[in-house]
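User: I would like to go through this protein model step by step. Please answer each question with a short piece of reasoning.

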Amino acid sequence: MTPPLTPSADPAVSPASIAAMALLEGLIEAGVADLVLSPGSRSQSLALAAAALARAGHLDLHVRIDERVAGFTALGLAIESGRPVAVVCTSGTAVANLHPAVLEGHHSGVPLIVLTADRPAELRGIGGNQTTLQPGIFGEIVRADWDIPAPVGDPAEAGDARELGALAVRASADGPVHLNLAYRDPLSGPVDVPATVARGPVPERPTVADPVVVELHPDDATVVIAGHGAGPEAEALAVALGAPLIAEVTSGARFGRHAVVAYRHVLRGPHGEAVGRAIVVGHPTLSREVPQLLERSDVEVLVVRTPGVEDYNPGRRARIVDEVRALGTPDPAVVRRWVGGWVSMSRAVLESEAPDDPAPDLSLAVPDDRGVRAAFAKAELAVLRAPIDRRMLARAVWASTWPHDRLVLAASRLIRVADALVPGKAITAHANRGLAGIDGTVSTATGIALAAARNTRAGTTRVLTGDLALLHDAGALLVPLPEGLRLHVFVGNDGGGTIFDDLEVAQSADPDDFATVMRTPHRADLAALAAAGGWAYRRATTRADLDDALTAPEPLLLVEVPLEP
């Protein structure tokens, strides 16, 4: 065991506070703009330094009650801002509660800097309160892991801490890093706040030394598959290659004339059978048809490398590349036949699945015949009074979202409904699809909304979630948010996890057992939950209610939409 080191001779001086301030300065100088923290004693030097830096205008500070909410809030901030975000917690179980967000950041390549306070060496391994094995607690899911000894007041420690901050930012360029920081009493004390701290630029992701670039000629057998996070480059690639575009709802590429909305159906037909080459950008997660295509032995698969630890390769036979380029220009006649066939089939499928009661014919609204006008008014009223189903909810939220807005979709049944039917539109839609976990949806959306609000033209951040995903992150509703932040949460409440109804287990399991352990029914009062957090609440049961909610003026709004199981 390491013996206790002699602390600073001056009892008014806290080496912990001096080192913590220097570390945070180093983070800011390297490009960090946001820090999220949850309260705790052992981390007080970091928390107080962050508060002082925020008060001086050097840092945006976000305080959360629990660490799981804090971790996902940091994740959302990093996703939207493109900058690494620091998240601070105290020792013990607090650290473990950051694990879900760190896992998602690991698989999605999101830059998080995890600062966990710890006991000094002499207090470890003796059964000390709130003391566990924190070094290495995140295993291989962090890009770097440092266990930093407790500062003792050496003059060189501040410089070392500042350099450590810069090193952590560089290491976090493509995923989370962990700094386990030991501190001794006195855990905090007076410390000078710098008058200025020059924030560095957004750190760049590391470049590949010898990138694998593939050049392809357009043909009539290629499809481009844009999974989560693919970005608009995937749409441009599909156009350049004269290929149909399978773009998931959070791909960032779901727009343009090559987009195939009903791709599941088309892949199961003759067009899907004719595919000879598939190019994957991003991380597809929302269908079974895509991995089935990529597993076919007669399909050449190229996967463009994306941030995160694993390249998407369901058949373990894909060629992993860094970039795909088009050689030449696609033949318009081939594009009309190949891409047009996919798009026409998709349109036919969507029209066949259209609601039985379409909107009234607008041409009948202003005829001279009073009876025709009355019939139109009756039809219009029927539409407004129509009960809401999942398809209507997904369509309406998607249609109400514009480029200056943000849309966050939970890992619930509704994201698959949206993916199967919403039309192409160049908007920013996000979901935690690295691991597609149910947790942290509202927290992530809060971080996205906070970062987006710095844009003077920022609109509304909308969340489309199921009831279980909301309840899993209920703590995100219980923290104060900045005045004017616009965050609207639309909850499709079907009383449990009906997403499992589409799995084979729903047919094979005992119905009562299935309802108990898979559906997990609940009796949560969402209106009371909203009130507890100071959110406005609306209940939408008709299309008219939903339309009103989508244009509601309240900044923080929870909209409950009852749905049939």
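The questions and answers below deal with a predicted model.

User: In the open sheet that contains β1, which strands stand at the edges?

Analyst: The order of the six strands in this open sheet is β2-β1-β3-β4-β6-β5, with parallel pairing. A strand at the edge has a single partner strand, so one of its sides is left without a neighbour in the sheet. The two strands in this position are β2 (60–63) and β5 (145–148).

User: By how many degrees are neighbouring strands of that sheet turned against each other on average?

Analyst: The strands of the sheet β2-β1-β3-β4-β6-β5 pair in parallel. Their turn is taken between neighbours, with direction ignored. On average it comes to 20°.

User: Which residue is the bridge partner of D145 in β6?

Analyst: Strand β5 covers residues 145–148. It runs parallel to β6 (residues 177–182), and four bridges join the two. In β6, the partner of D145 is H178.

User: What angle does the direction of helix α1 make with that of β4?

Analyst: Helix α1 (residues 15–29) packs on the sheet. The strands touched by α1 are β1 (34–37), β3 (85–89), β4 (112–118) and β6. Angles between N-to-C directions run from 0 to 180 degrees. For α1 and β4 the angle is about 180°.

User: In the open sheet that contains β14, which residue in β19 stands opposite R538?

Analyst: This open sheet has six strands in the order β15-β14-β16-β17-β19-β18, and the pairing is parallel. Its edge strands, each paired on one side only, are β15 (429–430) and β18 (536–539). Four bridges link β18 to β19 (residues 556–562) in the parallel sense. Opposite R538 in β19 stands V559.

User: At what angles do α13 and α14 run to β16?

Analyst: Helix α13 lies across β14 (406–409), β15, β16 (461–466), β17 (487–493) and β19. Helix α14 lies across β14, β16 and β17. The angle to β16 is about 165° for α13 and about 115° for α14.

User: Which element gives the most residues to the lining of the second largest pocket?

Analyst: This pocket holds about 840 Å³ of space and is lined by 38 residues, with S412, R413, R416, I499 and D502 nearest its centre. Elements that give two or more residues to the lining are α8 (263–267), α13 (390–399), α14 (413–421) and α16 (467–472). By class, the lining has 16 nonpolar, nine polar and 13 charged residues. The element that gives the most, with six residues, is α14.

User: Is the aromatic pair of W338 and W342 stacked or edge-to-face?

Analyst: The structure holds one aromatic pair. Its members, W338 and W342, are four residues apart in helix α11 (residues 332–352), so about one helical turn separates them. Their ring centres are 5.7 Å apart, and the planes make 75°. Planes over 60 degrees apart fall in one class, and the pair is edge-to-face.

User: Which peptide bond is cis, with omega near -5°?

Analyst: Most peptide bonds are trans. The cis bond leads to P186, which is placed in the loop between β6 and β7 (213–216). The bond in question runs from D185 to P186.

User: What is the phi of R316?

Analyst: Most residues other than glycine have a negative phi. R316 is placed in the loop between β11 (300–304) and β12 (319–321). Although R316 is not a glycine, its phi is positive, at about 55°.

Note on methods
Residues are numbered from 1 along each chain as its sequence is written. This is a predicted model: local features need pLDDT of at least 70, side-chain atom pairs count only at pLDDT 80 or more; totals for chains, interfaces and linings use all residues. Side-chain values use heavy atoms; hydrogens and water are left out. Two strands pair if DSSP finds at least two bridges between them. Contact means heavy atoms within 4.5 Å. On a 1 Å grid over the protein atoms alone, a cavity is a set of points where a 1.4 Å probe fits but cannot get out, and a pocket is an open set with protein on both sides within 12 Å along at least five of seven lines; lining residues have an atom within 4 Å of a point. Grid points are joined across faces, edges and corners, and a volume is the space filled by probe spheres set on the points. Ala, Val, Leu, Ile, Met, Phe, Trp, Tyr, Cys and Pro count as nonpolar, Asp, Glu, Lys and Arg as charged, and the others, Gly among them, as polar. Rings of Phe, Tyr and Trp (its six-membered ring) pair if their centres lie within 6.5 Å; planes under 30 degrees apart count as stacked, over 60 as edge-to-face and the rest as tilted.
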